[in-house]
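Me: I've got a model open and I'd like to learn how to read it feature by feature. Can you walk me through it?

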Amino acid sequence: MSTETLEKDVKEVKKTSEPLLSKKRRTLLTNPLDEDNPITIQVLGICSALAVTVALKPTLVMAIAVTAVLVLANVVISALRNTIPNRIRIIVQLVVVASLVAIVDQVLKAYSYDVWKELSVFIGLIITNCIVMGRLEAFALGNKPWDAMLDGLGNSFGYAWIILAIAFFRELTGSGKLFGVKVLPYEYIGNGVMMSPAGACILLGILIWVIRSRNGYVED
Amino acid sequence: MENLLNIFVKSIFIDNMIFAYFLGMCSYLAVSKKYKTAAGLGMAVIFVLGITIPLNWLAYNFLLKEGALTWISEDFASIDLEVLKFIVFIAIVAAFVQLTEMAVEKFSPSLYNSLGIFLPLIAVNCSILGGALFLPTRDYEFVEALTFGLGSGIGWFLAVVSLAAIREKMAYADVPKPLRGLGITFIIVGLMAFGFMSFGGFELPFKNKEQQQAELEKTSDNSEIVDEVSVANYSE
């Protein structure tokens with residue numbers, strides 16, 4: 001790129017620049033928490049939401065891992081968006097995400113081996129987590145890096161609070177514990193159904209029911 | 001042979017991709033509104049899983065595993081490329097899906113029209129990558145890996161077709177408004193998962209060698225002669 005076009009680009013950016021946290025940008029951050037939630041409304045990233053939520057600790061780690069990958073991938077793809085040919089964009093996205101996930105996987109393996117073992121294949125499956133691919137396709141490819149970062153943060157928080165809520169109920173009713181500490185009376189016998197995949201499905205169904213009757217979203 | 005049948009039955013019913021591991025859930029929920037599209041994607045998943053799992057097995061055993069590169073030179077025995085497994089697996093899956101799409105488009109336009117739109121979706125279907133990521137934890141032979149791939153695909157197909165059938169019928173039911181769509185689907189999937197849990201108590205038709213050995217030892221405990229032999233073995 002010649003310096004002339006660069007200068008022109010800079011000018012254009014300056015012309016359209018807006019405050020770092022304008023109203024529009026704040027909605028990028030807050031919308032995914034409720035009315036545009038990745039799990040309950042957009043139906044993305046369900047696999048991990050159901051599979052890792054047996055207890056709070058692995059769920060928290062998973063939420064942090066997804067946040068890291070989603071925010072970084074959004075920024076990287078958004079920065080590269082003008083250089084990626086349209087036909088091979090899926091493969092480019094997959095490679096970027098896979099490299100980020102490999103880093104997260106190694107960090108987890110080094111610093112919290114137990115949780116890494118518990119999460120097993122589901123760390124690797126962040127690559128095909130539909131939230132990541134969905135946000136890259138729908139947002140990062142058409143927006144500037146800062147906006148993409150806010151969108152990534154918002155969506156991963158929206159994802160995090162849902163899976164933490166499911167994990168809270170599953171661990172509490174399934175084994176009477178929270179973060180591995182017994183909170184219910186000692187005589188409480190764990191409810192095996194809540195620990196099983198089937199229980200998670202039904203719990204998520206009910207959670208969606210509650211959330212949608214609150215914000216009035218109706219599917220036809 | 002018996003072992004293969006075991007893996008096949010196990011990967012379809014007991015370790016069903018959807019009901020036991022929740023893999024491929026996003027596309028599972030997205031395409032199960034109509035029976036026809038569900039069957040189309042199900043077929044594509046069987047095909048892609050049946051081929052990419054053996055491909056990934058080859059990549060893992062001859063490229064990534066610790067000491068896998070010894071077929072090039074003995075000096076590479078200590079090289080462990082397992083860090084790269086995510087990138088290699090997803091690259092194989094994505095490349096294969098792209099290739100199939102192009103081949104199908106060229107050689108069979110009618111199949112492309114009925115299946116074509118689903119193929120690109122499959123690259124990001126968790127069940128494909130998930131199946132590949134199970135390989136390092138399970139010690140499969142090549143043929144076993146192929147059986148596992150096909151079985152998992154058929155399991156996914158069964159799951160998606162049955163959910164689509166239920167959802168088509170549900171169009172006539174009066175579901176509470178906020179529960180409509182995703183909510184009630186999750187509850188149905190949960191109930192179906194209960195059904196599939198009953199396969200967990202299934203006695204597999206054939207036992208593998210270790211189980212046969214274990215049973216032989218159990219029955220032979222009664223006879224003193226064998227006992228003496230095993231004692232002698234222990235003392236060695």
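**Reading the model, feature by feature**

Reply: Sure, let's begin with the surface. Chain B exposes about 12300 Å², and carbon and sulfur atoms supply 63% of that area. Keep in mind that this is a predicted model.

Me: How many helices and how many strands are there in chain B?

Reply: Chain B has 11 helices and 0 strands, so its elements read as α from the N terminus on. Of its 236 residues, 46% are buried. Take contacts in chain B between residues at least 6 apart in sequence: 75% of them join residues at least 24 apart.

Me: Before I trust any of that, which helix of chain B has the lowest mean pLDDT, and which the highest?

Reply: Confidence first, good habit. Helix α11 (residues 224-235) of chain B has the lowest mean, 45, while helix α8 (residues 142-170) of chain B has the highest, 91. Chain B as a whole averages 79, with 82% of the residues scoring at least 70. Over residues 223-236 of chain B, pLDDT stays under 50, and the model has 2 contacts beyond four places in sequence for that stretch. For the complex, the predictor gives an ipTM of 0.77 and a pTM of 0.79.

Me: Now the inside. Which residues have the most contacts inside the largest nonpolar core?

Reply: A core is read by following buried nonpolar side chains from one to the next. The largest one here has 118 residues, and those with the most contacts inside it are Leu50(A), Ile127(A), Leu204(A), Phe19(B), Met25(B), Tyr28(B) and Phe186(B). Helix α3 (residues 35-64) of chain B gives the largest share of this core, 12 residues. Take Leu204(A) as a sample: leaving aside residues up to four places away in sequence, Leu204(A) touches Ile39(A), Ile46(A), Leu50(A), Ile162(A) and Ile166(A), plus Phe186(B) from the other chain letter.

Me: How many residues of helix α7 of chain B are buried?

Reply: That helix, residues 126-134, is mostly covered, with 9 of its 9 residues buried. Among them are Cys126(B), Gly130(B), Gly131(B) and Phe134(B).

Me: And what about nonpolar side chains on the outside?

Reply: An α-helix has 3.6 residues a turn, so residues three or four places apart point the same way. Keep that in mind while you look at the patch. Phe47(B), Ile51(B), Leu55(B), Leu58(B), Phe62(B), Trp71(B), Ile72(B), Phe76(B), Ile79(B), Phe142(B) and Val143(B) form a nonpolar surface patch with about 940 Å² of accessible area together. α3(B) gives the largest share, 5 residues, and α3 and α8 of chain B each supply at least two. Ile51(B) sits in helix α3 of chain B and counts as partly exposed because its relative accessibility is 32%.

Me: Last one: how many salt bridges are there over all chains?

Reply: The count comes to 4. In one of them, the side chains of Arg135(A) and Asp151(A) meet at 3.1 Å, N to O. The two are 16 residues apart, Arg135(A) in helix α8 (residues 130-138) and Asp151(A) in helix α9 (residues 145-175) of chain A.

Me: Is that pair buried or exposed?

Reply: Arg135(A) counts as buried because its relative accessibility is 11%, and Asp151(A) is buried at 3%. Now try Asp174(B) and Arg180(B), whose closest N and O atoms are 3.9 Å apart. Asp174(B) is exposed at 72%, whereas Arg180(B) is partly exposed at 28%.

Definitions and conventions: Residues numbered from 1 in each chain as written. Chains lettered and ligands numbered in written order. Predicted model: local features only at pLDDT ≥ 70, side-chain atom pairs only at ≥ 80, totals over all residues. Heavy atoms only, no water. Core = buried A, V, L, I, M, F, W, Y, C linked by side-chain atoms within 4.5 Å. Buried < 20%, exposed > 50% of the residue type's maximum accessible area, 1.4 Å probe, protein only. Helix = DSSP H or I, 4+ residues; strand = E, 2+ residues; numbered from the N terminus. Contact = heavy atoms within 4.5 Å. pLDDT = per-residue confidence, 0-100. Areas by Shrake-Rupley, 256 points an atom, 1.4 Å probe, with all protein chains shown as cover. Patch = residues over 30% accessible without salt bridge, like charges linked within 9 Å, V, L, I, M, F, W, Y side chains within 5 Å.
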